[in-house]
Amino acid sequence: MAKEFGDWWKYYMENYDVFLTFDPERDGGGTLGFGATECRFCGKSEPAVKFKKDAHAIPHLLGNNDIFSKYECDTCNGKLGRDGENDLGAFTKGVRNLLQISGKRGVPILKGSGWRIEINGELRVLEVEAGCDSDLKIDRDSKVVTVPVVNDSYVPINVFKSFAKIFISLLPESEFENFRYLSDWILENDNEKDVSFCCSIYSFLFPVLMPRNKIHAAILIRKNDSPGKIRAFLCLLIGSQIYQIPFSSKEDKVATLDGVYPFVFPELYEEFCNNGVTMKGYSDKYNVVMVDLSGGEKVKGDTEMHSFSYSILKHIP
């Protein structure tokens with residue numbers, strides 16, 4: 001598996017520049033866009049709009065308390081947060097509960113039919129309590145538990161718009177004009193309108209248990225000598241969950257992720273190489289899923305199956 005991750009990393013080093021990488025633990029908190037005079041989304045400036053609030057560049061519900069943006073006016077901050085983040089929250093609910101990502105309502109505990117799971121972030125230990133009639137699948141010989149994680153209902157295209165909003169908020173000034181069309185599209189209310197760019201993403205849990213409030217963002221921009229590749233990626237690391245979202249420039253739309261390797265953050269690859277997959281928490285199973293977020297109709301809550309090795313199994317009386 002280490003060789004496979006190494007091949008993925010080589011693919012990006014050969015074809016992409018890591019244009020922006022932000023790790024609050026390393027870089028500290030910060031506000032992007034100080035001195036900005038125009039909202040990146042509606043295009044309006046003061047006094048037509050206000051810029052008094054610090055907008056979350058990455059939504060608070062994903063655990064962000066450190067990265068803010070002045071590229072977004074107060075009006076768009078209210079509207080886009082209200083309209084889009086409900087669907088993003090529903091789409092990510094299962095994994096946020098699973099990894100106990102702190103949001104506005106604190107740290108959740110994942111519960112199901114006759115079972116509960118809690119992560120000790122400091123010790124990186126997964127603790128499972130399960131009754132005899134629970135719907136967990138438990139392999140006691142190998143100490144692996146398979147957990148059914150249920151998401152709430154969501155509208156796929158609204159989830160993609162939320163990821164696009166994060167991308168626009170983090171994008172360096174020198175690249176913004178290549179993606180201004182996304183800002184116009186994010187504000188559109190017609191979810192049934194066909195789009196001509198890729199709305200599929202990669203989603204996967206990396207098989208190393210990271211601190212639950214670990215958050216890291218990276219923007220990858222295609223090198224000039226790598227034609228035919230998707231123009232840019234937004235990569236988000238939330239705990240041990242990776243979301244990788246492709247974005248094409250207006251003149252250079254690529255409509256598929258076929259043949260594209262998933263991106264692995266350097267510190268995850270280093271952690272994996274140093275510790276393997278024997279750390280308490282994750283099993284050696286991982287699953288890269290390509291999720292199509294182009295639909296405009298509500299998707300009922302889907303169930304994801306995640307496998308972990310467990311440290312302690314307690315039977316509930």
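In which helix is the place of Asn77? In this predicted model, Asn77 belongs to helix α3, which covers residues 74-99. A look at the surroundings of this residue helps to link the helix to other parts of the chain. Leaving aside residues up to four places away in sequence, Asn77 touches Lys53, Ala55 and Glu72. The pair Asn77 and Ala55 shows how sequence and space can be read side by side: 22 residues separate them in sequence, while their C-alpha atoms are 6.2 Å apart in space.

The strand β3 (55-56) is a good next stop. It is part of an open sheet of three strands, arranged in the order β2-β4-β3 with mixed pairing. Both β2 (30-32) and β3 stand at the edges of this sheet; each has a single partner strand, so one side of each is left without a neighbour in the sheet. The partner strand β4 spans residues 67-69 and runs antiparallel to β3, with two bridges joining them. Within this pairing, His56 has Phe68 in β4 as its bridge partner.

Another part of the chain brings us to Ser249, found in the loop between β13 (241-247) and α7 (266-275). Is this loop residue buried or exposed? Ser249 counts as buried because its relative accessibility is 6%, and the cut-off for buried is under 20%. Its contacts, again not counting residues up to four places away in sequence, are with Asn178, Phe179, Tyr181 and Arg231.

Notes. Residues numbered from 1 in each chain as written. Predicted model: local features only at pLDDT ≥ 70, side-chain atom pairs only at ≥ 80, totals over all residues. Heavy atoms only, no water. Helix = DSSP H or I, 4+ residues; strand = E, 2+ residues; numbered from the N terminus. Buried < 20%, exposed > 50% of the residue type's maximum accessible area, 1.4 Å probe, protein only. Contact = heavy atoms within 4.5 Å. Pairing = 2+ DSSP bridges.
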